[in-house]
Amino acid sequence: KGKKWVSKGLIVEIMENEALGIRYGLTVSKKVSKLAILRNRTKRRLKAVACEILPLYKKYHLDIVLIGRQGTSEREYEELKTDLVWCLKKLGYEKNSDSFD
C-alpha cells in the first residue's frame, strides 16, 4: 500500500498512517558498506536531513523509511536535502504553505 521513490542519494518509502503525525526510520544495509562505521555515518547523515526537512511536512500523517545508498555518505549535505524534498514531491507531498523555503 505504500509508495517508493529512488534518488541518487537515498530511497524513500512512504505510507500514510492513522493520524499519528510524521514518523520515520532509517536503514542502511551491508550492501552499502561492510564497515559499521560507514553505515553509521550514513545513518547520521540521513537523520540530520530528516530532522531538518520532515518538520516542513507536519500537515501530513506519514510513516517514512529513508534508505541509504552507496553514495549517501559522500554526497553533499545540501544535495541530500534536495533529494529528500524531490522524492517527497514526486510522491505527491508538498511542504506546508507556512514554511519559508
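# Questions about a predicted model

Reader: What makes Cys51 count as partly exposed?

Author: The relative accessibility of Cys51 is 45%. Buried means under 20% relative accessible area, exposed over 50%, and partly exposed in between (1.4 Å probe, protein chains only). The value 45% lies between those limits, so Cys51 counts as partly exposed. This is a predicted model, where local features need pLDDT of at least 70 and side-chain atom pairs count only at pLDDT 80 or more, while totals for chains, interfaces and linings use all residues. Residues are numbered from 1 along each chain as its sequence is written, and side-chain values use heavy atoms, with hydrogens and water left out.

Reader: Why is Cys51 not bonded to the sulfur of Cys87?

Author: A disulfide is a pair of cysteine sulfur atoms within 2.5 Å. The closest cysteine sulfur to that of Cys51 belongs to Cys87 and is 18 Å away, so the pair is too far apart for a bond. Cys87 is likewise in no disulfide, and the structure holds zero of them. Cys87 is buried, at a relative accessible area of 0%.

Reader: How do you know which strands are at the edge of the sheet?

Author: Strands (E, at least two residues) and helices (H or I, at least four) are DSSP runs numbered from the N terminus, and two strands pair if DSSP finds at least two bridges between them. Four strands form an open sheet in the order 1-2-4-3, with mixed pairing. Strand 1 (3–6) and strand 3 each pair on one side only, which puts them at the edge.

Reader: What makes the pairing mixed?

Author: Strand 3 (residues 23–27) and strand 4 (residues 62–68) pair in the parallel sense over five bridges, with Tyr24 opposite Ile64. Strand 2 and strand 4 pair in the antiparallel sense over seven bridges, and there Leu10 stands opposite Gly68.

Reader: Why is the β-α-β unit of strand 3, helix 1 and strand 4 given a hand?

Author: A crossover is right-handed if, with the strands pointing away from the viewer, the path from the first strand over the helix to the second runs clockwise. Strand 3, helix 1 (residues 36–53) and strand 4 make a left-handed unit, so this path does not run clockwise. Helix 1 lies across strands 2, 3 and 4 at about 160° to strand 3; the angle runs from 0 to 180 degrees between N-to-C directions of lines fitted to C-alpha atoms, for helices over the stretch in contact.

Reader: What makes Leu84 one of the residues with the most contacts in the largest nonpolar core?

Author: A nonpolar core is a set of buried Ala, Val, Leu, Ile, Met, Phe, Trp, Tyr and Cys residues joined through side-chain atoms within 4.5 Å. The largest one has 22 residues, and Leu10, Val12, Leu66 and Leu84 have the most contacts inside it. Strand 2 (10–16), helix 1, strand 4 and helix 2 (77–90) each give it two or more residues. Leaving out residues up to four places away in sequence, Leu84 touches (heavy atoms within 4.5 Å) Leu10, Val12, Val49, Ala50, Ile53, Leu54 and Leu66.

Reader: Why is Ala50 called buried?

Author: Its relative accessible area is 1%, and the limit is under 20%, so Ala50 is buried. Ala50 lies in helix 1.

Reader: What is Ala19, buried or exposed?

Author: Ala19 has a relative accessible area of 57% and is therefore exposed. Ala19 lies in the loop between strand 2 and strand 3.
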